Amino acid sequence: MELTPRRVLTYEPRVGLSASHDPLEVPAYETTRDRLVARAVIFGLVSAGLLALAAVGDWRPAAVTGAVMVVLVTALTFWALFGYLLPSRKYLDLPVMALSLGEGELLVSGRRVSVAVPGVEPRWIVARLPRPYRVLLAGERRLFLLGPNARGRVLIALPGMFRTSFGRVRTEPHPGSEILPGVSRTFGPAAQDPVMTAFVRAMWQSSVAAVVVFVLAAVPLIAVDLTEDAALAAAMVPVDAVFAVLTVLILLRLFARNRLFANAVRSQPWNELPAALDAPIKLHPLVWAVLRP
């Protein structure tokens, strides 16, 4: 008997089984958890040190600037850990359900999408999704669910993506919702794929936001440099140098990544390669950072 290899087009959860039985979901969850915990500890200690330094001495302006930036990053890290990742762990033991969406069953209002749930009583799942994921959902017209729990909260995953989002079951769609137009996703050049172009645009927008953050962070340092206190201005020279070097390195890395990805999408065709797995699947940290930011 001749066996025909199954063609795997994208990663998808296993419908009917709990996510905890998936060979990728639990290791991916644990990897992200460990990274966030380590980041929270490191940033927390740095924040405490900068705040202590800001309370004394001529380094106060630089320490305050650094402390504000690190505290913001620390707050975002704690939110990702305690507001999203750890609460999502209990959903991994629930069975995965799949929804295929027909005409009028997928609505959008700003960043919120409303998905019709089949059943006797009208129910809608309302979730907040970034634009690239809304475009992906409009093209695939499918999604995967974990839940709902006792409070009507669900965890949503899209085909081919490890990133998940929380949503809630409602009796009506979000106010002001309109039908989300479908998106054609034929197999062809990446530059003609609206999902790929939406992700490229989102990467550039996040990089521009990073530039704005660094510019705003540099304002207090520049103000100190312009002070009439010569001793304080001289003491700030190494701080300015370190800040400038870090800014250049981080922004160069961001823009180099974006340009590499954008050029590949714009000029390179898709190439399909066969693969044989002889070991458990493990995601490289760089790949994981792109798939599940």
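**Notebook: confidence, sheet and cores**

Started with confidence: among the elements of the protein chain, β4 has the highest mean pLDDT, 89, and helix α7 (residues 285–291) the lowest, 44. This is a predicted model, so I wanted that sorted before anything else. For the protein chain, the mean pLDDT comes to 75, and 74% of the residues reach 70 or more.

Next I checked the weak stretches. Residues 1–8 have pLDDT below 50, and I found one contact for this stretch beyond near neighbours in sequence. Residues 285–293 also stay under 50, yet there the model has 18 contacts beyond four places in sequence. Note to self: where pLDDT is low, the predicted coordinates should not be read in detail.

On to the sheet. In what order do the eight strands of the open sheet lie? I read β1-β5-β6-β7-β4-β3-β2-β8, with antiparallel pairing. The edges are β1 (96–100) and β8 (178–179); each has a single partner strand, so one side of each is left without a neighbour in the sheet.

I then followed β5 (142–146). Five bridges link β5 to β1, in the antiparallel sense, and in this pair Ser100 stands opposite Arg142. On to β6 (153–157): three bridges join β6 to β5, again antiparallel, and Leu146 faces Leu155 there. β5 and β6 make a hairpin with six residues between them, and Gly147 in the turn has a positive phi of about 115°. Is β5 enclosed or open to the outside? Four of its five residues are buried, so β5 is largely enclosed by the rest of the structure.

I also looked at β2 (residues 106–109) and β3 (residues 112–117), which pair in the antiparallel sense over four bridges. Val108 has Val113 in β3 as its bridge partner.

Last, the nonpolar cores. The largest has 25 residues, and Leu101, Val115, Ile125, Leu137, Leu143, Ile156 and Leu158 touch the most other members. At least two residues each come from β2, β3, β4, α3, β5, β6 and α4. Which element gives the largest share of this core? It is α3, with five residues. I picked out Val115 for a closer look: leaving aside residues up to four places away in sequence, Val115 touches Leu99, Leu101, Glu105, Leu106, Arg123, Trp124, Ile125 and Leu143. Apart from this core I found another, of 15 residues, including Tyr91, Leu146, Leu155 and Ala157. Leu146 and Leu155 are the pair I had already seen standing opposite each other.

Technical notes. Residues are numbered from 1 along each chain as its sequence is written. This is a predicted model: local features need pLDDT of at least 70, side-chain atom pairs count only at pLDDT 80 or more; totals for chains, interfaces and linings use all residues. Side-chain values use heavy atoms; hydrogens and water are left out. Two strands pair if DSSP finds at least two bridges between them. A nonpolar core is a set of buried Ala, Val, Leu, Ile, Met, Phe, Trp, Tyr and Cys residues joined through side-chain atoms within 4.5 Å. Buried means under 20% relative accessible area, exposed over 50%, partly exposed in between (1.4 Å probe, protein chains only). Contact means heavy atoms within 4.5 Å. pLDDT is the predictor's confidence in each residue, from 0 to 100.
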